Amino acid sequence: MIILIKENTASADLREFISSLRKRGVTVDTAAAPAALILTGGSLPDADRLSALEFVREILPLREPYSLASRHLHPQNTVVTVGSARIGDGGLTLIAGPCSVESEEQTVAVAKAVKAGGAALLRGGAFKPRTSPYTFQGLGERGLAFLKTAGEEAGLPIVSEIMDAAQLPLFRDVDVLQIGARNMQNYELLKAVGRQEKPVLLKRGLSATYEEWLMSAEYILKGGNPRVILCERGIRTFESHTRSTLDISAVPVLRELTHLPVLVDPSHASGRASLVAPLSAAAVAAGCDGLEIEVHDHPACALCDGAQALTPDTFSRLAKELFALHGFLQKEACAQNVERSRCRWNPEK
Ligand code: PEP
Ligand code: MN
């Protein structure tokens, strides 16, 4: 059961109420926006009696196991602000940069180029989850320092993948913590990033269902961090021609199920640079809030994922097309007055 709480309720009244529920064996979780209590287990009080309480705005049934992530509790889209980017506000946010930070020069060059091309955030891996232990594992802490310099020189916030909760202190200058596909169900990591304030970009696991993915987001939200961004990056299917299969349905399905912003990563989904543009366009048409795209200044020499990396020039041309496509669709949606909460297009933009 979800109890929506009226604004301006005295916190002492709420504390007393929560403690009376806990005495009945009820597990009580709190949500901040909207103010709500999520009650599970124990002996739940009668809904009619609860509705009569002065501070209760509304009682809702618990429909999904991921109540904090669900649209049911939180009908309005969540907007995650990072620097000047407002991810989820109806605009199109591009995150771009190399798969791995390889050197300071490379990262600064790519950062400046993607910024000029329209990226709002710079990505770069310093701790790399590689299938083979014999391949490049990333520069680690040194890589994060190069990424920080590149972000500062280009004027872009930075995104990097964290693989273990113990790495958190190393990520103090990273603006967005990425949790990669392989760690989507690393529950201790999810709990740890839920206890801190930086936004978390949570990628979909290689064979995770929407519900499993949203349950992982729920771990972060339950920890008290509302700044969660989802990223579809392709799933395992029988098709082996592409690295993964981009599940484009994820975008409109998640739009219905959750208020969290939804990004798409066409680079890991396809594994091939030639497919990045068409998949990006499909993702924009499906209504994503943004894209994460790998860009390298010399893809042929990249230490990781060179086959899927765009050059800075190709990225800039693609970004122009994507912003144009996004603008066109937004205008059409506004003209047709598409319902706002269900739709990524923001009529006020
Ligand atoms: C990445 O973004 O560099 C990455 C490893 O992605 P994924 O976790 O989606 O494979
Ligand atoms: Mn990569």
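Which residues coordinate the manganese ion, ligand 2? That's where I'd like to start today. One thing up front: this is a predicted model, so please keep that in mind throughout.

Okay, the metal. The manganese ion takes the SG of Cys 99, the NE2 of His 268, an OE of Glu 294 and an OD of Asp 305, at 2.0 to 2.4 Å. If you write the donors out along the sequence, the spacing reads C-x168-H-x25-E-x10-D. Cys 99 and His 268 link distant parts of the chain, 169 residues apart. Cys 99 sits in the loop between strand E7 (93-97) and helix H3 (104-117), while His 268 belongs to helix H8, residues 266-270. And both Cys 99 and His 268 are buried.

Let me stay with Asp 305 for a moment. You'll find Asp 305 in the loop between strand E14 (290-294) and helix H10 (312-335). Its phi is near 60°, so we have a positive value in a residue other than glycine. As background, most residues other than glycine have a negative phi. Buried or exposed, then, for Asp 305? Buried, at 18% relative accessibility.

There's another positive phi to show you, at Asn 8, where the angle is near 65°. Asn 8 is in a loop too, the one between strand E1 (2-5) and helix H1 (11-23). But Asn 8 is exposed, with a relative accessible area of 81%.

Next up, ligand 1. What surrounds ligand 1? The shell includes Arg 123, Lys 128, Pro 129, Glu 161, Gln 178 and Arg 233, and His 268 and Glu 294 are in the list as well. Those last two should sound familiar, since His 268 and Glu 294 also coordinate the manganese ion. By class, we're looking at seven charged residues, three polar and two nonpolar around ligand 1.

Now some distances. An oxygen of ligand 1 comes within 2.7 Å of a side-chain N or O atom of Arg 123. For Lys 128, the corresponding distance from a ligand 1 oxygen is 2.9 Å, and for Lys 203 it is 2.9 Å. Taken alone, ligand 1 exposes 290 Å², and the protein buries 97% of that.

On to a spot by E14. Asp 289 lies in the loop between helix H9 (273-286) and E14. How accessible is Asp 289? Its relative accessible area is 1%, which means it counts as buried. Its side chain makes a polar contact with the side chain of Arg 255, at 3.1 Å.

Then there's helix H5, residues 187-194, where Leu 189, Leu 190, Ala 192, Val 193 and Gly 194 are buried. What covers those buried residues? The cover includes strand E10 (176-179), strand E11 (200-203) and helix H6 (210-222).

Last stop, Glu 153, in helix H4, residues 141-154. Glu 153 is partly exposed, with a relative accessible area of 46%. Leaving aside neighbours within four places in sequence, Glu 153 is in contact with Val 108 and Lys 112. With Lys 112 there's a side-chain to side-chain polar contact, at 3.5 Å. And Glu 153 sits 8.0 Å from Ala 111, C-alpha to C-alpha, although the two are 42 residues apart in sequence.

So, if you open the model afterwards, start from Cys 99, His 268, Glu 294 and Asp 305 around the manganese ion. Thanks, everyone.

Conventions:
Residues numbered from 1 in each chain as written. Chains lettered and ligands numbered in written order. Predicted model: local features only at pLDDT ≥ 70, side-chain atom pairs only at ≥ 80, totals over all residues. Heavy atoms only, no water. Donors = N, O, S within 2.8 Å, 3.2 Å for Na, K, Ca; no water. Helix = DSSP H or I, 4+ residues; strand = E, 2+ residues; numbered from the N terminus. Buried < 20%, exposed > 50% of the residue type's maximum accessible area, 1.4 Å probe, protein only. Near = heavy atom within 4 Å. Polar contact = N/O pair within 3.5 Å; in protein donor to acceptor, adjacent residues only side chain to side chain. Areas by Shrake-Rupley, 256 points an atom, 1.4 Å probe, with all protein chains shown as cover. Nonpolar A, V, L, I, M, F, W, Y, C, P; charged D, E, K, R; others polar. Contact = heavy atoms within 4.5 Å.
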